[in-house]
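This briefing is meant for a reader who is meeting the structure below for the first time. Please keep the sequence and the 3D view at hand while reading.

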Amino acid sequence: MAILESPIVLDAPAITIRTIFPEDADAYVSFLLDITRQSENLTFEPDETEMFSDEHAFLESIADAKNSLAIMALDGEQIVGSLTFLGGKRSKSAHAGEFGISVDKSYWGRGVGRALMATMVRWANGAHITKITLQVRTDNKRAIALYESFGFIIEGTARHAMRIGESYVDLLCMGLCLGDELQGEGFTESHTDRIALREPPLIRALHSSDAPAVLSFVDRIVQETPFLEMGSEGLGLSLLEEKAILADYAFSERKLYIGSFTAQGQLVGMLACSSSERRRIGHMCEFSVMVLDAFRSQKIASALLEHMISWAQS
């Protein structure tokens with residue numbers, strides 16, 4: 001379990017850093033909502049409280065995960081800072097994760113953020129975490145300087161990643177590699193015989209009834225390519241769970257789950273796209289697209305992407 005063995009007490013100021021336990025959920029949520037009123041650095045608004053409706057269960061899931069961490073800084077009984085690190089849930093990404101950090105504005109410049117980060121990095125070294133990432137506003141110079149002092153480097157820029165009012169904000173993507181970098185084994189491209197379609201594939205929304213085809217499709221494609229985050233474990237979902245996910249996508253205006261089918265009804269390509277309910281980041285979405293190797297020359301991915309862009313613009 002990702003729990004600090006004992007609280008860490010700083011000499012100056014008199015701050016204690018300890019694990020955030022599930023029973024801290026109410027106080028922790030209250031702290032985060034207070035932080036949103038102090039600055040516009042977080043991805044949610046002060047009135048977006050629904051996302052915290054099951055914070056107790058969320059903190060339990062972090063405590064049960066070996067590669068995730070939730071810690072807070074206390075001045076007496078008052079929470080003055082927090083940090084959560086979420087590690088990847090799949091075998092290919094379990095070594096990496098992203099963190100978010102918040103510090104009460106009245107404690108800025110007093111070493112609280114630095115102490116939280118030092119605690120995370122020390123924990124990560126013992127938890128076999130070798131890559132830590134974060135996102136930060138490009139105009140948050142104080143935070144950027146702190147991250148760079150720990151060795152984080154800028155790996156890219158996410159343009160228009162947040163929208164506050166009518167203004168867009170860019171985010172820097174920063175990363176830190178820990179320990180020795182592993183040498184990649186490379187990948188030998190397969191030479192699967194390509195299949196020429198006599199008729200254009202049909203692209204349509206995926207429904208609950210497509211769950212068996214989706215699971216079978218993913219089980220096959222993870223054997224064909226190393227480019228997916230998931231490995232041979234596939235989605236790791238039961239038929240019932242996949243049906244529930246498909247139903248959720250079907251009833252949401254902010255999610256898209258489409259498939260490309262041959263005239264014979266075979267699922268040969270798939271695209272999933274979703275956006276957040278949070279107002280500051282709800283204008284953008286993230287997608288994944290997969291096409292069976294035998295059909296990669298049929299411009300199926302292009303057709304799926306065109307369908308997604310048309311949906312997003314509408």
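Which residue in β12 does A272 stand opposite? The residue that A272 faces in β12 is S288. The model in view is a predicted one, and the points below begin with the chain as a whole before they turn to one of its sheets, to the helices across that sheet, to a pocket and to a single buried residue.

**The chain as a whole**
- The protein chain contains seven helices and twelve strands, and of its 314 residues 43% are buried.
- Among contacts in the chain with a separation of 6 or more, 62% are between residues that lie 24 or more positions apart.

**The sheet of four strands**
- Four strands form an open sheet in the order β9-β10-β11-β12, and their pairing is antiparallel.
- The edges of this sheet are taken by β9 (202-205) and β12, each of which has a single partner strand, so one side of each is left without a neighbour in the sheet.
- On average, and with direction ignored, neighbouring strands of the sheet are turned by 15° against each other.
- Strands β10 and β11 run antiparallel and are joined by seven bridges, with I258 standing opposite L271 in β11 as one example of the facing positions.
- These two strands, β10 and β11, make a hairpin in which five residues lie between them, and G265 in the turn has a positive phi of about 90°.
- On its other pairing, β11 (residues 267-275) is matched with β12 over seven bridges, again in the antiparallel sense, and here G269 has V291 of β12 as its bridge partner.
- Eight of the nine residues of β11 are buried, so this strand is largely enclosed by the rest of the structure.

**Helices across the sheet**
- Helix α5 (residues 211-221) lies across β10 (255-261), β11 and β12, and the direction of α5 is at about 100° to that of β11.
- Helix α6 (residues 239-250) lies across β10 and β11, and α6 runs at about 110° to β10.

**The second largest pocket**
- The second largest pocket holds about 220 Å³ of space, and its lining is made up of E253, R254, S275, G282, H283, M284, C285, F287, M308, W311 and A312.
- Two elements, β12 (285-291) and α7 (300-313), give two or more residues to this lining, and α7 gives the most, with three residues.
- Sorted by class, the lining of the second largest pocket has six nonpolar, three polar and two charged residues.

**A buried residue in a loop**
- N67 is placed in the loop that lies between α2 (55-64) and β3 (69-75).
- Is N67 buried or exposed? N67 has a relative accessible area of 14%, and because buried means under 20%, N67 counts as buried.
- When neighbours within four places in sequence are left aside, the residues in contact with N67 are F85, L86, G87, G88, A94, W123 and I129.
- One of these, L86, is 19 residues away from N67 in sequence, while the two are 7.1 Å apart in space, C-alpha to C-alpha.

Terms used. Residues are numbered from 1 along each chain as its sequence is written. This is a predicted model: local features need pLDDT of at least 70, side-chain atom pairs count only at pLDDT 80 or more; totals for chains, interfaces and linings use all residues. Side-chain values use heavy atoms; hydrogens and water are left out. On a 1 Å grid over the protein atoms alone, a cavity is a set of points where a 1.4 Å probe fits but cannot get out, and a pocket is an open set with protein on both sides within 12 Å along at least five of seven lines; lining residues have an atom within 4 Å of a point. Grid points are joined across faces, edges and corners, and a volume is the space filled by probe spheres set on the points. Ala, Val, Leu, Ile, Met, Phe, Trp, Tyr, Cys and Pro count as nonpolar, Asp, Glu, Lys and Arg as charged, and the others, Gly among them, as polar. Buried means under 20% relative accessible area, exposed over 50%, partly exposed in between (1.4 Å probe, protein chains only). Contact means heavy atoms within 4.5 Å. Two strands pair if DSSP finds at least two bridges between them. Axes are lines fitted to C-alpha atoms, for helices over the stretch in contact, and angles run from 0 to 180 degrees between N-to-C directions.
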